[in-house]
Amino acid sequence: MNQVQAHNVGDLLAGSGPADEKADSSTKNLSAAQMGIYFAHLLDSSGVGFNTAHYRVIRGELDTERFHAALQQVVAALDTYRSSVVMVNDQPRIFVGDGRNLAFQQLDFSSHAEPISDAISLMKAERLEPFDLEQGPLVKFALVKVSEQCYFFYHVYHHLVVDGAGVYQFERYLFESYLALIDSLSVGVSVVPSNWSGVEQAYRRSPAFEDDKNFWRQQLDAVDPQISLSYRRVPSGDGVCRESVKLDRELCDLVKAFCTRNKIAQSRLLISVAILYYARMTGQSEILIELPVSLRTTPDDAMMVDMRSNKVLMRLELHPQLSLDQFFALVRRQLKQVLRHDQYRFEDALRDLAWQKSPSTFAVNMQPSSDLPVLPGCEVELSRLHNGPVDDAVLSFYADKGSQRISVSFDGNSARYGPAEVSMHLRQAIELLRSVVSGNVAMGIKQPAIISPPERHEVLTVFNETSVPLAG
């Protein structure tokens with residue numbers, strides 16, 4: 001552990017670290033993002049905290065042989081999915097193999113008494129199997145048949161090699177390749193190679209790097225201690241308690257109408273409501289929110305399958321007199337400011353400020369659309385199992401561009417949050433969203449309701465009803 005803590009992430013990047021002196025030509029340096037995850041993995045006692053998993057429900061006719069062939073094609077075209085970690089001169093480096101040991105299972109649960117629950121149990125158990133970073137592979141797949149017209153495509157990967165945006169692009173390549181095979185078109189797949197290593201190295205040599213470092217030192221100077229949403233004042237553990245829900249169509253329509261009426265981007269509305277929920281529940285005036293960022297700003301960036309995502313901290317001073325429109329404007333200004341400096345590594349910012357861990361206890365994760373090319377005669381739906389480690393709490397939104405489908409999840413560190421607390425926070429955050437989009441932007445930030453009318457009646461009336469018949 002001492003050796004891990006002694007290294008500076010920047011010193012281990014290309015051109016600046018001891019690993020470069022005698023590096024094997026078949027390997028390459030880890031990026032700063034990968035280096036941070038590698039060290040965090042070594043300190044993760046569970047060994048599976050960075051195993052991220054989800055599955056696609058595919059309903060309809062599926063040619064399983066062509067699907068497997070498409071998977072092999074895309075993996076063969078991507079270094080990312082054939083990567084493992086090797087040690088060179090006592091430093092971790094990335095090695096790209098041939099992919100022969102790729103784990104892919106085709107399973108038939110359709111004859112089981114409970115095929116869906118059995119399949120989900122299997123996938124959850126597989127997620128808890130540690131990856132061997134040096135032996136690889138660092139991804140696993142399974143295609144599980146649960147009925148004649150329904151399959152689960154299971155995808156688990158170590159966050160060291162790819163982030164959520166990269167996985168989405170990988171699956172786009174996969175489904176496009178499958179469609180081409182179905183149509184008897186070219187069996188090749190056109191994959192945009194990652195340029196992240198060069199971009200990152202150039203950034204760290206540029207004046208922007210020092211400018212960003214100074215910005216974060218000033219932005220995070222003398223931050224007030226942040227309050228947890230949890231009732232438990234205990235250290236974080238390795239587990240995550242998670243609950244997700246799809247918003248009903250009526251609420252999705254209200255969100256869309258509110259955004260159109262008030263000329264506010266849907267993502268900013270959802271982020272703002274999450275921040276407001278945290279502020280209202282904790283009673284803090286100075287708020288520090290953690291926001292994951294994909295660092296994919298161009299169409300070419302979006303097509304690359306790699307690990308480059310980062311986190312930024314947004315600091316806001318909230319006054320009770322603020323109206324909703326003033327609050328939305330404040331969030332917009334702060335978002336614009338911090339996103340100008342989002343390439344500076346979160347791990348570097350913590351080190352600069354001599355912090356052992358993030359001072360924030362609440363994160364908001366705004367996920368992009370996860371839609372994929374429609375398969376002929378098939379419907380495809382995404383279900384998430386695990387998004388990665390959670391130190392305290394994360395509220396995530398998954399929304400398509402047309403606001404027709406929005407899902408919300410609450411992830412709490414299981415040492416601090418139980419299922420009842422997770423369910424309560426998720427329910428109340430959604431009620432706050434409903435209250436905001438049902439009102440108007442002139443109302444104060446303290447006005448929108450956090451609990452529903454039935455809950456309010458139960459708390460204020462039923463729980464306080466103490467009258468009992470007198471003994472005769």
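**Briefing: Thr282 and two sheets**

The side chain of Thr282 reaches the backbone oxygen of Tyr278 at 2.8 Å. The model is predicted. The protein has 472 residues, of which 51% are buried, and contains 14 helices and 14 strands. The points below take up the surroundings of Thr282, then an open sheet of three strands, then an open sheet of five strands, and lastly the chain as a whole.

**Thr282**

- Thr282 is part of helix 9, which covers residues 266-282.
- Thr282 counts as buried because its relative accessible area is 15%, and the cut-off for buried is under 20%.
- Besides reaching the backbone oxygen of Tyr278, the side chain of Thr282 makes a polar contact of 3.1 Å with the side chain of Gln284.
- When neighbours within four places in sequence are set aside, Thr282 is in contact with Ile227 and Leu229.

**The three-stranded sheet**

- Three strands form an open sheet in the order 1-4-3, and their pairing is antiparallel.
- Strand 1 (27-29) and strand 3 (83-88) are the edge strands; each has a single partner strand, so one side of each has no neighbour in the sheet.
- On average, and with direction ignored, neighbouring strands of this sheet are turned by 45° against each other.
- Six bridges link strand 3 with strand 4 (residues 91-96) in the antiparallel sense.
- Ser83 has Val96 of strand 4 as its bridge partner.
- Helix 2 (residues 32-42) packs on this sheet and touches strand 1, strand 3 and strand 4.
- The direction of helix 2 makes about 115° with that of strand 4.

**The five-stranded sheet**

- The second sheet described here is also open; its five strands have the order 5-6-7-2-12, and the pairing is mixed.
- At the edges stand strand 5 (103-108) and strand 12, each with a single partner strand, so one side of each is left without a neighbour in the sheet.
- Neighbouring strands are turned by 15° against each other on average, again with direction ignored.
- Helix 4 (residues 115-127) lies across strand 2, strand 5, strand 6 (139-147), strand 7 and strand 12.
- Helix 4 runs at about 10° to strand 7.

**Strand 2 and its partners**

- Strand 2 (residues 51-60) is mostly covered, with nine of its 10 residues buried.
- Strand 2 and strand 7 (residues 150-158) run antiparallel and are joined by nine bridges.
- Along this pairing, Thr52 stands opposite Tyr157 in strand 7, and Arg59 has Cys150 of strand 7 as its bridge partner.
- Strand 2 also pairs with strand 12 (residues 378-386), in the antiparallel sense and over eight bridges.
- Val57 has Glu381 of strand 12 as its bridge partner.
- In general, the strands of a sheet pair through backbone hydrogen bonds, either parallel or antiparallel.

**The chain as a whole**

- Of the contacts in the protein with a separation of 6 or more, 76% are between residues 24 or more positions apart.
- The protein exposes about 22100 Å², and carbon and sulfur atoms supply 52% of this area.

Definitions and conventions:
Residues numbered from 1 in each chain as written. Predicted model: local features only at pLDDT ≥ 70, side-chain atom pairs only at ≥ 80, totals over all residues. Heavy atoms only, no water. Helix = DSSP H or I, 4+ residues; strand = E, 2+ residues; numbered from the N terminus. Buried < 20%, exposed > 50% of the residue type's maximum accessible area, 1.4 Å probe, protein only. Polar contact = N/O pair within 3.5 Å; in protein donor to acceptor, adjacent residues only side chain to side chain. Contact = heavy atoms within 4.5 Å. Pairing = 2+ DSSP bridges. Axes fitted to C-alpha atoms, helices over the stretch in contact; angles between N-to-C directions. Areas by Shrake-Rupley, 256 points an atom, 1.4 Å probe, with all protein chains shown as cover.
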